[in-house]
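Hi,

Here is the structure I promised to pass on to you. Have a look at it first, and then read on for what turned up.

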Amino acid sequence: MTQHQRLLIIDFGSQVTQLIARRLRELNVFCEIRPYQTVTEATIREMAPKAVILSGGPDSVTREGSPRAPQALFGMGLPIFGICYGQQVMMEQLGGKVEAGHHAEYGRAYVAPAAAHKSDGIFAGLFGTADGREQVWMSHGDRVTELAPGFEVIGTSPNAPFAITADEARGFYAVQFHPEVHHTPNGAQMLANFIKMAGFTGDWTMGAYRAEAIAKIREQVGTDHVICGLSGGVDSSVTAILLHEAIGDQLTCVFVDHGLLRLNEAEEVKKMFSENYNIKLIAADESDLFIGALEGVSDPEVKRKTIGKLFIDVFQKYANEIKDAKFLAQGTLYPDVIESVSFSGGPSVTIKSHHNVGGLPEKMGLKLVEPLRALFKDEVRALGRELGLPQSFIGRHPFPGPGLAIRCPGEITREKLEILRKADAVYIDQIRKHGLYDEIWQAFVAILPVKTVGVMGDGRTYDYACALRAVTSVDGMTADYYPFTHEFLGETATRIINEVKGINRCTYDITSKPPGTIEWE
Ligand code: XMP
């Protein structure tokens, strides 16, 4: 089995630690983020990284009991790169000094080359601007006031005299700013230089990942049977296809049509899996059960909980039919894994009860197979491409588990769902026709719980109003509304009202997230 070269990121809790991983993955370097509390000398030896990055973090090294790296790390002969809090940890642990407060610096700053500056090695490509300064993004309260022995200053900023420091003999680099963010234009270059210097060859490719994941699945599953729930979304589809490639007939997929899918969606999913991939598929039409339970329900949380509970019951019923199943495959992604071990994750407010199959594996006595656990969303898409999934499928907008139920504020009725499906199809058709689909994170129609008066062909109408929603986002956590032209909006409203019986008014939702959420419920 292939073994990737690895880089360890010790996470001290920065808001942007994930971006370090993103930058490295873009360089075809496999890295893992581990919270500092879980990293010991033994875990480092076991992981055997080729280099280590110490992330930023909210604490102050001057505070007693604040986070540290294992002291042994500095004697292992590994190249180390410290960022912000990571720099301060290095200085503190290696014999330098850090002072608290009074030097706060947030946002854009400029780093000028120090007398001893270099422009090769990890500094290649830096300080090449007209005035020789580098734009960087700072976010710190404390600062280093005395370098650890062996370090020299490479660059300084007005508030951070030790903005870039290095002990090249040991391969130790430490910077006060954040090279991983977009607002440090040459930051990615610096990380690339560090990677090169540490001897990484860029062996983390989707081709390699695919081969490795397949070998791992075979080893984990042996001759046992695996069940995989399909939702029609990218994550579960890629999971299923990867598993199929690894274990063929030992996989059975279960696709539950809860009657809350988009126009023709159930047919498309069934066709794609049974015709193109010859995967064993149980397609269960349970729409009557779900809609029956939801009819007349208007509370968003009751809707979500009803769907979640029924889904688990139904899934279990079909899964029980599959003999000898020992595993349940899930499309868990890396951000979910990181969040679940995050040490900043205190008790947070539940905004919405998200729909997933949580709790099911224990209830059914199944072990989990999660072949996408190491991947970010865009990497899942890249793996999907590698596996030959059509682009039309890979590029699809996310669709929530509870489906159209949460796009139907107020009471759910079959009639409203039918109208909504049609309006949504026209809206998406418009977006595709105008070549905007890939620029938008998610677009959909919500049917409003209100009827309004209109006039069509000299007659009075009294029909539903709908809201169009389209947002841009990187991860669904924050979002902004998409700035369609008035021409586009006008044309789309006309088409929806003309083509969809039951709607006589269209509005466009221009709320960002926060304060809104992407879905209406
Ligand atoms: P909100 O509405 O919370 O949505 O801003 C953020 C993203 O999550 C999707 N979403 C869900 N996805 N199960 C899912 O699988 C759910 O219960 C669920 N609720 C919201 C939503 O479509 C958006 O992409």
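The largest nonpolar core has 53 residues, and Ile227, Tyr427, Ile431, Phe484 and Ile496 are the ones that touch the most other members. Before you get too attached to any of this, remember that the model is predicted. If you want one residue to click on, try Tyr427: leaving aside its neighbours within four places in sequence, Tyr427 is in contact with residues including Phe444, Leu468, Phe484, Phe488, Ile496 and Tyr508. Apart from that core lies another one, of 42 residues, with Phe255, Ala266, Met272 and Leu387 among them. As background, nonpolar side chains in soluble globular proteins tend to be buried together.

Now zoom out for a second. The protein has 521 residues, and 55% of them are buried. You'll find 15 helices and 20 strands, and the C-alpha atoms fill a box of roughly 80 × 60 × 40 Å along the principal axes. Take the contacts between residues at least 6 apart in sequence: 77% of these join residues at least 24 apart.

Next, go to strand E10, residues 160–167. Is this strand mostly covered or not? Mostly covered: seven of its eight residues are buried. E10 also pairs with two strands, so to speak, one at a time below.

- Strand E9 (residues 152–157) runs antiparallel to E10, and four bridges join them. One pair to look for is Val153 with its bridge partner Thr165 in E10. A hairpin of two residues links E9 to E10.
- Strand E11 (residues 172–175) pairs with E10 in the antiparallel sense too, over four bridges. Here Asp167 has Phe172 as its bridge partner. The hairpin between E10 and E11 has four residues, and Gly171 in the turn has a positive phi of about 70°.

Last stop: Arg143, which sits in strand E8 (residues 143–146). Which side chain of opposite charge is nearest to Arg143, and how far away is it? That would be Glu99, at 5.7 Å, and Arg143 has no salt bridge even though it is buried. A salt bridge would need a side-chain nitrogen within 4 Å of a carboxyl oxygen. What Arg143 does have is the backbone oxygen of Asn159, which lies 3.0 Å from a polar atom of the Arg143 side chain. Beyond its neighbours within four places in sequence, Arg143 is in contact with several residues, including Gln88, Lys97, His103 and Gln176. Ala160 and Pro161 are among its contacts as well.

Have fun exploring!

Conventions. Residues numbered from 1 in each chain as written. Heavy atoms only, no water. Buried < 20%, exposed > 50% of the residue type's maximum accessible area, 1.4 Å probe, protein only. Pairing = 2+ DSSP bridges. Lys, Arg positive; Asp, Glu negative; His and termini not counted. Polar contact = N/O pair within 3.5 Å; in protein donor to acceptor, adjacent residues only side chain to side chain. Contact = heavy atoms within 4.5 Å. Core = buried A, V, L, I, M, F, W, Y, C linked by side-chain atoms within 4.5 Å.
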